[in-house]
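Biologist: I should be grateful for a close look at a single part of this protein. Please take one loop residue as the starting point and proceed from there to the helices around it.

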Amino acid sequence: MKRLPIGIQSFEKLRTADCVYVDKTEDMYRMITLGDVYFLSRPRRFGKSLLVSALNELFKGNKALFEGLYIYDKWDWTRQYPVIRIDWTIIQHSTPEELERDLSAYLGRIAEDFRLTLGREYASSRLNELIELLHRQTGEKVVVLVDEYDKPITSHLTDTGKIKAVREKLHNIYQVLKGSDNHLQFVFLTGVSKFAGLSIFSALNNLNDITLNAKYASICGYTQQELESHFAEYINDMVRETGATREDLLSAIKTWYNGYTWDGKTAVYNPYSTLMFFENREFANYWFRTGTPTFLMNLLIQKEYRLEQVLEPITVSSGVFDSYDPERLEEIPLLFQTGYLTIKKKEFVLMRPHYTLGLPNAEVGEALTEQLLNAYTAYPTGKAESLRERMQEQLRQQDTAGLEQCLREMLAGIPYLHVVRTEAWYHSVMLLWLRLLGFELLGEVPTNIGRIDAVWFFPGHAMVVEVKSRPEESDIARLLDAAIGQIREKRYYERFMGERQVSLLAVAFAGNEIGCRMEKV
C-alpha cells in the first residue's frame with residue numbers, strides 16, 4: 001500500500017518515497033503547450049505548492065520522477081530550462097524592508113546555484129538581472145514559478161497601512177516579468193486571492209487566469225474517479241474495518257469532503273482533508289482546523305445583515321471573481337477565494353455568466369457554523385457537539401423547558417449580555433443554531449436577514465420553525481403566540497404532512513428572556 005503524502009509539497013520527495021500521487025501531468029502538459037503566462041487561484045492546502053514543485057522538476061528535466069505518468073512520453077527531455085522558483089512561504093515579509101532584504105538574499109542564493117553573482121542592489125533589479133544572466137548563460141529562456149504570490153498581502157489583511165507599502169514593493173517586483181518577456185519561456189503564479197493593484201494583472205497583457213477555466217477545473221484536488229482508483233486499498237480497508245458497505249462509505253466521504261468546483265460541473269475533493277481522513281479513519285473538520293483566520297469571522301459578524309449569504313446559496317455575476325482591493329474587503333469574494341464558498345452552478349443571463357455560490361460540503365458547513373456561533377455567543381466550539389445532541393433529543397421529546405435551558409446556556413457567555421441586541425443579531429444567532437442542528441432553511445418569508453424559517457426532518461417527523469425577537473418586548477408569551485400564529489396562518493407545514501408527524505416550534509427573544517413553544521399539527 002502506497003504511503004499517504006501528508007504534508008509533502010515536494011514532488012521529488014513524494015515520487016521517491018513511494019507515496020500516492022494523483023497524476024496531474026495531463027493538465028500541466030495542456031497548460032504548457034497552449035500558453036506561457038498563467039495565474040491559478042486555489043484555497044490554502046489544495047495542492048498548489050505540489051503543482052509548482054512538479055513544474056519545477058519537469059522544466060529541469062528530471063525524467064525519472066515522471067516515469068509512468070501521462071507526460072512521460074510526450075515531453076522533450078533533451079532540453080533543460082533554468083528555473084527561478086519564488087516561494088513566498090519561506091521569504092520573510094513582515095515589513096516592506098524585510099521583504100526587500102530577504103527576497104534580495106533569496107535571489108542571490110539562486111544565482112549562486114548557477115555560479116552567478118548579482119551586482120544590483122534592489123530585489124526587483126536583481127530579479128531582472130538574474131533572468132537575463134540565466135538566459136545568456138544557458139542559452140535557454142527562463143522559467144519563473146511563483147508560489148503563493150499574495151502571501152505578503154494576505155499576512156497583513158488587518159493592517160491597511162502595511163498593505164499599501166507591501167503592495168508597492170510587489171508591484172515593482174512583478175513588473176519585471178513584463179519587461180523580461182523576451183527572456184522568459186514560461187511563467188506560472190499561484191495564490192489564494194486575485195488582488196487589485198498588482199502589475200502582474202494589469203501589465204502582463206498575455207496573462208491567462210485559469211482559475212475558472214473548465215479545462216483546468218481538476219488541476220488541484222481529487223475527482224471521484226481519482227479518489228476511487230488511487231485510494232482503493234484505503235477504501236477497502238475501511239469497509240472491512242467499519243462494516244459499512246462500499247457505497248455508504250463513499251457516499252459519506254463525498255458528503256464530507258467533495259463539492260469544490262470552479263466551473264460548476266467538475267467537483268473535486270479537498271486533498272488535505274481526504275488524506276487526513278484516510279490516515280485517521282474518522283470524519284472530522286481537518287482543513288478548517290488548519291487556520292481559519294479570526295479576521296474572517298469578525299468580518300462576517302460585521303456584515304451580519306448578509307449572514308444568510310454565507311450559509312445559503314447566492315447568485316452573483318462574474319464581477320465577483322475579478323481582482324478586488326485588499327483594503328476594502330467584501331465577504332462574498334473573500335469567502336469564495338479562500339474556499340468557504342464554491343461554485344454550485346454556472347448559467348448565462350443575456351449572454352453573461354452568473355454563478356450560484358454555496359458551501360462546498362459538510363466539513364465546511366458544520367465547522368463554519370460552529371465558528372460563527374462561537375464568534376457571536378462565545379460558546380466554546382469544543383462543547384458544540386454535546387449541545388447539539390442535547391437539543392436534538394429535546395426536540396424529539398418535545399422538551400420545551402430543556403430546550404429553553406440549552407438556549408440560555410448557549411447565550412450565557414456573551415459579553416455584556418445586558419446590552420440591547422438588534423433583531424438581526426438574534427436572527428443571526430438562531431440561523432446559526434438551526435444550521436448546526438441540521439435544519440434545512442426555507443425561502444418562504446423574507447426578513448431583514450433573508451430566510452429564517454426552517455424545517456428539520458428526523459425519522460417520521462418534520463418540525464417547522466419560526467423565530468421572533470423584540471429586544472424591547474417584555475411579554476414573551478405574546479411573541480410566541482405571534483410566531484405560532486404566523487406558521488399556522490401561512491400554513492408552512494402543509495407540504496410536509498402525510499406520512500410524517502408535523503410539529504411547530506416557536507422561539508422568541510424578548511429583552512434578555514428566551515422562550516420556546518412546541519405544538520403538533
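Modeller: Arg115 counts as exposed, at 81% relative accessibility; the cut-off for that class is over 50%. The model is a predicted one, and the values that follow are computed from it. Arg115 lies in the loop between H4 and H5. Although Arg115 is not a glycine, its phi is positive, at about 60°. In the chain, Arg115 follows H4, and that helix is therefore the natural element to consider next.

Helix H4 comprises 18 residues, 96-113. From its first C-alpha to its last, H4 reaches 26 Å, close to the 26 Å expected at 1.5 Å a residue. Whereas Arg115 is exposed, H4 itself contains many buried positions: Pro96, Glu98, Leu99, Glu100, Leu103, Ser104, Tyr106, Leu107, Gly108, Ile110 and Ala111. An α-helix has 3.6 residues a turn, so residues three or four places apart point the same way. Leu99, Leu103, Tyr106, Leu107 and Ile110 are among the buried residues of H4, as are Glu98 and Glu100. The cover over the buried residues of H4 includes strand E2 (83-87) and the helices H5 (123-138), H6 (151-154) and H7 (160-179).

Two of those covering helices, H5 and H7, also pack against each other. Their axes come within 8 Å and cross at roughly 25°. Since angles under 35 degrees count as roughly parallel, H5 is roughly parallel to H7. The crossing of H5 and H7 is right-handed. On the H5 side, the contact is made by Ser124, Leu127, Asn128 and Ile131; on the H7 side, Asn172, Ile173, Val176 and Leu177 meet them. By class, the residues of this contact divide into five nonpolar, three polar and no charged.

A second arginine may be set beside Arg115. Arg45 is also a residue other than glycine with a positive phi, near 55°. Arg45 is placed in the loop between strand E1 (37-41) and helix H3 (48-60). With a relative accessible area of 43%, Arg45 is partly exposed, whereas Arg115 counts as exposed.

For a further helix pair, one may turn to H11 (residues 246-257) and H17. These helices pack at an angle of about 50°, with their axes 4 Å apart, and are therefore oblique to each other. Thr255, Trp256 and Tyr257 in H11 meet Ala362, Glu363 and Glu366 in H17. This contact has three nonpolar, one polar and two charged residues, while the contact of H5 with H7 has no charged residues. H17 (residues 362-377) also holds Tyr376, which counts as buried at 4% relative accessibility. Tyr376 and Tyr426 are 50 residues apart in sequence, and their C-alpha atoms are 9.6 Å apart in space.

The setting of these parts is a protein with 21 helices and 15 strands. Of its 521 residues, 55% count as buried. Among contacts between residues at least 6 apart in sequence, 68% join residues at least 24 apart.

How values were computed: Residues are numbered from 1 along each chain as its sequence is written. This is a predicted model: local features need pLDDT of at least 70, side-chain atom pairs count only at pLDDT 80 or more; totals for chains, interfaces and linings use all residues. Side-chain values use heavy atoms; hydrogens and water are left out. Helices (H or I, at least four residues) and strands (E, at least two) are DSSP runs, numbered from the N terminus. The expected span of a helix is 1.5 Å times one less than its number of residues. Buried means under 20% relative accessible area, exposed over 50%, partly exposed in between (1.4 Å probe, protein chains only). Contact means heavy atoms within 4.5 Å. Axes are lines fitted to C-alpha atoms, for helices over the stretch in contact, and angles run from 0 to 180 degrees between N-to-C directions. Angles under 35 degrees count as roughly parallel, over 145 as roughly antiparallel, 65 to 115 as roughly perpendicular and the rest as oblique. A crossing is left-handed if the near helix is turned anticlockwise from the far one by less than a right angle, and right-handed if clockwise. Ala, Val, Leu, Ile, Met, Phe, Trp, Tyr, Cys and Pro count as nonpolar, Asp, Glu, Lys and Arg as charged, and the others, Gly among them, as polar.
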